[in-house]
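Hi,

Here is the structure I promised to pass on. Have a look at it first, and then read my notes underneath.

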Amino acid sequence: MPEVYPEHLEFNGRRKIPTSEFKEEDRLFHGFTVNDMTDSGGIKTENVRFPDFSCNWSRFSNPEDIRFRKNGLTTDGCYAFSVETSRYNNIATPVHDPMQENGSENYAHVEVRELFEGEEVLFEPPKGRKKDNQKSKKRRFAYRINLANNSEILISPTA
Amino acid sequence: MVKTENGFEIQTYDIETPDALFQRSTIMEYPKEDIEESYDLLLAQHLRAVITKIGTIQNAGSTLKLTYNPHYEITRRHLENLVSDVALPKTWKTEGLAEPNQDCKQKSKEIIYKLFDEYRILPLRVAASVENGIFFCYKDPVNSARILSIEVYNDLDVAAVISEGKTIVASFDIENDDYTPVMHSFNA
């Protein structure tokens, strides 16, 4: 990991952007390790931590920037998926969530949050919501599989 | 069809059964009605499978010879170990995720056995899930892009999803341990 934190991740007076500003073709970057990969080189569904799935927005960051997240390592890989994929079946939507952590700012930070039935993708769900009934678990399971199947590995992890 | 000394006709079938059925001898001959009456003496789950098979056999003789298949037991033990060995990755423990509990493991085993017994499919991967449970998946032997994924949660809810390539084909809540609709869709 380069010693210098990328300046483009700093807030620099920029404000949070509403969910309606995400374009379908924008991409979301997520950091991962070899433990998150299947033997055939895919993404393990069982390791996809949805909801509140933490990512970086491609509009404000590069794939390798995910290594600067909390507990990030120089050996980490990065995979990407589109905003369209993140909104699969209106189950979730990305929410811009600029964050400050360990003294560093990450303006590109996004959380993919769960939508409940009837909510539109332009609605901004609050952090930490999760229904635990069987139907919700089935929806999330299908969502996680779809996300794993429609992600592209941009940087392969080395550990 | 073979005539025995006492005149009974014996029809031999290779019905795969666990060796617990054959503790007294490696091969036993059961008149059909004895099999049904011996329900309590035998392992219930497998006896049900045997009786189901008997029900489908046309023109069966008066006695059935059940032949022990050692590969079946070996496979079952392997499947049991796959589930028993599932553990939460160390890094997940610090994040507050729950280890798959014993009930979840037992239910996962039952499902995996059932799909093996009835559909002859073996899981591709068995692992802990971030959703507090156990994940396992199967690849269609004919169409390798078609995958059946199942999650069993610590509260014993079960979800199944069939995908093909990048597309989700179907998803199911499993009620009453009925996997027939899932398997119909997976094999379609």
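Below is what I found, going chain by chain and then to the parts that involve both.

One thing to keep in mind from the start: this is a predicted model.

**Chain A**

Chain A has two helices and eight strands. If you walk along the sequence, the pattern reads β-β-β-α-β-β-β-β-α-β. The radius of gyration comes out at 15 Å, close to the 15 Å that the globule rule gives for 159 residues, so chain A is as compact as a globular protein of that length. If you want a feel for the dimensions, its C-alpha trace spans about 45 × 40 × 25 Å along the principal axes.

Of its 159 residues, 42% count as buried. I also looked at contacts between residues at least 6 apart in sequence: in chain A, 76% of these join residues at least 24 apart.

The sheet to look for here is an open one of six strands, in the order β4-β7-β2-β1-β3-β8 of chain A, with antiparallel pairing. Which strands stand at its edges? They are β4 (92–96) and β8 (152–155) of chain A; each has a single partner strand, so one side of each is left without a neighbour in the sheet. From one strand to the next, the twist averages 40°.

For a closer look inside that sheet, try β2 (residues 53–57) and β7 (residues 109–114) of chain A, which run antiparallel and are joined by four bridges. A handy pair to click on is A:Cys55, which stands opposite A:Val110 in β7(A).

**Chain B**

Chain B comes to six helices and nine strands. Buried residues make up 24% of its 188 residues. Running the contact count for chain B, again between residues at least 6 apart in sequence, 52% join residues at least 24 apart.

Chain B has an open sheet of five strands, ordered β5-β6-β7-β8-β9, and the pairing is antiparallel. Its edges are β5 (125–129) and β9 (167–173) of chain B, each with a single partner strand, so one side of each has no neighbour in the sheet. The twist here averages 20° from one strand to the next.

I'd spend some time on β7(B). Is this strand buried or exposed? Seven of its eight residues are buried, so β7(B) is largely enclosed by the rest of the structure. Here is how it connects on either side:

- Towards β6(B): seven bridges join β6 (residues 133–139) of chain B to β7(B), and the two run antiparallel. B:Phe135 has B:Glu151 as its bridge partner in β7(B). A hairpin of six residues links β6(B) to β7(B).
- Towards β8(B): seven bridges join β7(B) to β8(B), also antiparallel. B:Ile150 stands opposite B:Ala160 in β8(B). These two strands form a hairpin with four residues between them, and B:Leu156 in the turn has a positive phi of about 75°.

Carrying on across the sheet, β8 (residues 158–164) of chain B is joined to β9(B) by six bridges, and the pair runs antiparallel. In this pairing, B:Glu164 stands opposite B:Thr167 in β9(B).

Then there is a helix to find: α6 (residues 180–187) of chain B lies across β7 (146–153), β8 and β9 of chain B, running at about 165° to β9(B).

**The core and the contact between chains**

As general background, nonpolar side chains tend to be buried together in soluble globular proteins. The largest nonpolar core in this model has 60 residues, and those touching the most other members are A:Leu28, B:Ile134, B:Leu148 and B:Ala160. Helix α2 (residues 134–149) of chain A gives the most to this core, with six residues.

What is B:Leu148 in contact with, leaving aside its neighbours within four places in sequence? The list is B:Cys137, B:Tyr138, B:Ala160, B:Ile162, B:Val182 and B:Phe186.

Finally, the contact between the chains takes 17 residues from chain A and 19 residues from chain B. By class, the side of chain A that touches chain B has four nonpolar, eight polar and five charged residues.

Happy to go through any of this together.

Cheers

Definitions and conventions. Residues numbered from 1 in each chain as written. Chains lettered and ligands numbered in written order. Predicted model: local features only at pLDDT ≥ 70, side-chain atom pairs only at ≥ 80, totals over all residues. Pairing = 2+ DSSP bridges. Axes fitted to C-alpha atoms, helices over the stretch in contact; angles between N-to-C directions. Contact = placed C-beta atoms within 7 Å. Nonpolar A, V, L, I, M, F, W, Y, C, P; charged D, E, K, R; others polar. Rg over C-alpha atoms; globule rule 2.2 N^0.38 Å. Buried ≥ 20, exposed ≤ 12 C-beta atoms within 10 Å, placed from the backbone. Core = buried A, V, L, I, M, F, W, Y, C linked by C-beta atoms within 7 Å.
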